[in-house]
Amino acid sequence: MHVLSYAVILILGLPFFNNYITQTTLKKGKHPMTYLVGGIPMLFPIMVGAGACKTPESVIPYMRRGNLLLGAVVTGSYTPDARSGNDGILSYPDEWQKFLELQFGLNAFGMPNMGYSQAALELSQLFPAPAYPVIVSIAGFSVEDYVKGLTVFQSTSAKGVEMNFGCPNAHDKKTVPIAYDIISMIQVLEASKELDIDCPIWIKLSPYVTLEEREELTALYPHLDFSNVPTVTESFLKEVLHHIMTYRQFIRAVVFSNTLPNVICRDANGKPATSPNDGKAGLSGPIIKAISLNLVKRARAILPEDIDVIGSGGILTGDDVVDYLEAGAAGVQCTSGPFWYGDGPRFFANLVIESPRLQEYLTQQANP
Ligand SMILES: Cc1cc2nc3c(=O)[nH]c(=O)nc-3n(C[C@H](O)[C@H](O)[C@H](O)COP(=O)(O)O)c2cc1C
């Protein structure tokens, strides 16, 4: 048969194949809600990560493909007021093949978003009863901002709120995320405790590296400048997680991790690939997978059972998903994949279709 015929059969067959896996996995499973991820029931432990759907409207293509093996969509991050974001070249590279070749992406969008109230309104209008759970990611510049976000979104159709502590642009105009500042995190969590929130709260942290690990990155990837990346001490992770544990009455998951902050990629003339902040941008994609995977493993060993760990960082294939789940993640999130691939729903369909290992894993989970 001509190679084109195979391509046509494959493309036309995708939705049916997807549907077949969904149906058989569910039929054999004990209960249609197979996974409980961070207190939220999901059909599959795979999510669209924050940043891929920056508006409620951009969630629609995922909702339309109700047969995707998708557990949830995270939308945002949203801040209290609308933001237009940065100007100039905001992401690098500009196409998928180049992203695959480089094995990383950089972004410095500056969190453009419509603000809490408008996002809450659009969520209620668009998804009174969404096909997949929607989780809202909130970011802020003060304790009050996070408190407001929790208050606004808990009364929407969102099934949970992810507090983004790892956004490089969002900490009181400082240059490092709040995830590096234990005192500020405690202040936010202390104020959140008082709210008596009745939906699951997740905390998203940064891909913490020590000075030694930063030096290893520099040696491995000499084309990238890591000199502005914040570093932590060996004991920092334990310390952060011990504080988080004291809020276990409302924290249901910790997400590792957001982008690695303040990385610069320069061309041969020294010109940075992105323009805001002198070229300092958030690094994502396969290059950060080893860091996030290691944090997932270590966090799982430290945290109590009632706080899940969710993996995020460099997931482009179904095999990557299984790596995280086997490391102890209750679920995973993908952002660079759908963002640079372009067709998000197809990206998620491919994760399963192209990975016998993930198919096997899901089948085993459904039939223990
Ligand atoms: C284009 C882009 C935008 C992002 N925007 C957000 C955001 O608004 N909020 C957030 O918590 N994380 C954001 N992230 C971080 C991702 O959600 C994710 O945690 C990180 O990039 C690592 O996963 P990945 O390698 O799959 O991208 C963004 C990442 C990218 C690539």
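**Core, helices and a long-range contact in a predicted model**

The largest nonpolar core holds 107 residues. Within this core, Val73, Val254, Val309 and Val332 have the most contacts. The structure is a predicted model. Its protein chain has 13 helices and 15 strands. Of the 368 residues in the protein chain, 47% are buried. Contacts between residues at least 6 apart in sequence were also examined; 77% of them join residues at least 24 apart.

Val309 illustrates the surroundings of one core residue. Residues up to four places away in sequence are not counted here. Valine 309 touches Ala253, Val254 and Phe256. It also touches Val296, Ala299, Arg300 and Leu303. Gly328, Ala329 and Ala330 complete the list for valine 309. Val254, one of these partners, is itself among the core residues with the most contacts.

Helix H5 covers residues 143-154. The 12 residues of H5 should span 16 Å at 1.5 Å a residue. The end C-alpha atoms of H5 are 17 Å apart, which agrees with the expected span. Tyr146, Gly149, Leu150, Val152 and Phe153 are buried in H5. Both helices and strands cover these buried residues. The covering elements include helix H4 (116-126) and helix H6 (182-193). They also include strands E4 (72-78), E7 (134-138) and E8 (160-164).

A helix pair was examined next. The axes of helix H10 (residues 318-326) and helix H13 (residues 356-366) come within 7 Å. They cross at roughly 45 degrees, and H10 and H13 are therefore oblique to each other. The crossing of H10 past H13 is left-handed. On the H10 side, the meeting residues are Gly318, Asp319, Val321, Val322 and Leu325. On the H13 side, they are Arg357, Leu358 and Tyr361.

Alanine 108 provides a long-range case. This residue is found in the loop between strand E6 (105-107) and H4. Alanine 108 has 25 other C-beta atoms within 10 Å. The cut-off for a buried residue is 20 or more, so alanine 108 is buried. Alanine 108 and alanine 281 are 173 residues apart in sequence. In space, their C-alpha atoms are 4.9 Å apart. Ala281 is also in contact with alanine 108. Leaving aside neighbours within four places in sequence, the other contacts of alanine 108 are Asn86, Leu90, Thr274, Pro276, Asn277 and Gly282.

Conventions
Residues numbered from 1 in each chain as written. Predicted model: local features only at pLDDT ≥ 70, side-chain atom pairs only at ≥ 80, totals over all residues. Core = buried A, V, L, I, M, F, W, Y, C linked by C-beta atoms within 7 Å. Buried ≥ 20, exposed ≤ 12 C-beta atoms within 10 Å, placed from the backbone. Contact = placed C-beta atoms within 7 Å. Helix = DSSP H or I, 4+ residues; strand = E, 2+ residues; numbered from the N terminus. Expected span 1.5 Å × (residues − 1). Axes fitted to C-alpha atoms, helices over the stretch in contact; angles between N-to-C directions. Parallel < 35°, antiparallel > 145°, perpendicular 65-115°, else oblique. Left-handed = near helix turned anticlockwise from the far one by under 90°.
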